[in-house]
Amino acid sequence: MKKKTTIISILVLSVIVVVETFALVNIQQNNNNAIATLDDEIITQKQLTNQLDSKEKKRLADKLINDKIIDLEIDTLNLKSPSEEEMLKQLPYIQLFDSSKKTLADEQTKEFVKEYIHVKELAKKYTLNDEKFKKFIEDERNFNGDYLIKVQEISGNHQQLSKIEDSLKQAKDINSIIKNNSLDIKEKNIFSLTNEYNQDFSQSKVGDYLHVMDEHHGSGHKIIIITNINKSDETIFNLKENKEEILNVYMSKNYFQERLDVLNVLKMKHKIKYAIKE
């Protein structure tokens, strides 16, 4: 009986050795498979793998380390998972730099929004300050203009808006024309220099108006009437009165740099050693 068992064991081991040998041979063959040729030279699967190893392993290790550092700090500070209301509030700002993030129903989007909110909190603690905000505000004002302008946008066909324009020229009340023609009116806030109308309103006054074409609908026309003008640094760029909104816009434009700045601070709190050859 013992002899029979021994024979069976030897047979099983033999099968295992054959299978493993076959697998090793198969791996070796796969490694030597040509993925391309350059003139008469063959480029193999193994060469590709080695190249990927040398270039990608360090990058992937860095990503894992960075993600872990963020997670550790979230745990250390006991930052709570954001509510759906908080995530929905931040989502429009995220969409300013990544339009693919459309809905929290998408799990990847949801996870990104959570991290975005946590990184924002870490940035507030470690890297953000009024000097950064002041520099950001100055850059934004130079780009967008010194004034925040409130306008009435009246949409209609060319004939309808010509009547409005005639009334404006004659300083007549235009409300009856708007009402009788069922014209669409919207109130908007725009910047004096960079705006959806591609117009420079830097020298405009309250009461000025402009007849523009709708760029998205060639047959559409609009009358733009200026109803109010304020200095942008007294309204939207007022750091004391509007800090949270400025923070939100700042993060939407500087999220990845701010995340990197946070990581550079947090890495000082940890010992990191690599066992990977670059």
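**Figure 1. Contacts across the protein chain in the predicted model.** Among contacts between residues at least 6 apart in sequence, 67% join residues at least 24 apart. The chain has 278 residues, and 29% of these count as buried. Its secondary structure comes to 8 helices and 6 strands. Read from the N terminus, the elements follow the order α-β-β-α-α-α-α-β-α-α-β-β-β-α.

**Figure 2. Strand β6 and its pairing with β3 and β5.** Strand β6 covers residues 221-231 and β3 covers residues 147-156. These two strands run antiparallel and are joined by 10 bridges. Within this pairing, Glu153 stands opposite Ile224 of β6. Strand β5, residues 209-213, also pairs with β6 in the antiparallel sense, over 5 bridges. Here Met213 has His221 of β6 as its bridge partner. In a regular strand, side chains alternate between the two faces of the sheet.

**Figure 3. Lys231 over the ring of Tyr147.** Lys231 lies over the face of Tyr147, and the distance to the ring centre is 5.3 Å. Tyr147 belongs to the residue range of β3, while Lys231 belongs to that of β6. The two strands that hold these residues are antiparallel.

**Figure 4. The surroundings of Phe201 in the loop between β4 and β5.** Phe201 has a relative accessibility of 5%, so it counts as buried. Leaving aside residues up to four places away in sequence, Phe201 touches Ile149, Ile190, Ser192, Asn195, Leu210 and Ile226. Of these contacts, Ile149 lies in the range of β3 and Ile226 in that of β6, while Leu210 falls within β5. Phe201 and Ile229 are 28 residues apart in sequence, and their C-alpha atoms are 9.9 Å apart in space.

**Figure 5. Two asparagines with positive phi, Asn78 and Asn198.** Asn78 has a phi near 55 degrees, a positive value in a residue other than glycine. Asn78 is found in the loop between α2 (45-76) and α3. With a relative accessible area of 61%, Asn78 is exposed. Asn198 is not a glycine either, and its phi is positive at about 55 degrees. The place of Asn198 is the loop between β4 (184-191) and β5. At 55% relative accessibility, Asn198 counts as exposed. Phe201 sits in the loop between β4 and β5 as well, but Phe201 is buried.

**Figure 6. Helix α3 and what it packs against.** The 12 residues of α3 should span 16 Å at 1.5 Å a residue, and the end C-alpha atoms are 16 Å apart, so the two values agree. The buried residues of α3 are Met87, Gln90, Leu91, Tyr93 and Ile94. These buried residues pack against α4 and α8. An α-helix has 3.6 residues a turn, so residues three or four places apart point the same way.

**Figure 7. The kink in helix α8.** Helix α8 has 24 residues, but its end C-alpha atoms are only 25 Å apart. A straight helix at 1.5 Å a residue would reach 34 Å. A kink of about 85 degrees is present in α8, centred on Asn254. Buried residues of α8 include Ile246, Leu247, Tyr250, Met251, Val262, Leu263 and Leu266. Among the buried residues there are also Glu258 and Arg259.

**Figure 8. Aromatic rings around Phe97 and Tyr255.** The whole structure has 10 aromatic pairs. One of them joins Phe97 and Tyr255, which are stacked, at 6.1 Å centre to centre and 15 degrees between the planes. This pair links distant parts of the chain, with Phe97 in the loop between α3 (84-95) and α4 (107-126), Tyr255 in helix α8 (residues 243-266), and the two positions 158 residues apart. The partners differ in exposure: Phe97 is partly exposed, at 28% relative accessibility, whereas Tyr255 is buried, at 2%. Ring pairs connect Phe97, Phe112, Tyr116, Tyr255 and Phe256 into a cluster. The charged end of Lys101 sits over the ring of Phe112, 4.8 Å from its centre.

Methods:
Residues are numbered from 1 along each chain as its sequence is written. This is a predicted model: local features need pLDDT of at least 70, side-chain atom pairs count only at pLDDT 80 or more; totals for chains, interfaces and linings use all residues. Side-chain values use heavy atoms; hydrogens and water are left out. Two strands pair if DSSP finds at least two bridges between them. Helices (H or I, at least four residues) and strands (E, at least two) are DSSP runs, numbered from the N terminus. Rings of Phe, Tyr and Trp (its six-membered ring) pair if their centres lie within 6.5 Å; planes under 30 degrees apart count as stacked, over 60 as edge-to-face and the rest as tilted. Buried means under 20% relative accessible area, exposed over 50%, partly exposed in between (1.4 Å probe, protein chains only). A charge sits over a ring if NZ of Lys or CZ of Arg is within 6 Å of the ring centre and within 35 degrees of the ring normal. The expected span of a helix is 1.5 Å times one less than its number of residues. Contact means heavy atoms within 4.5 Å. The bend at a residue is the angle between axes fitted to the seven residues ending there and the seven starting there.
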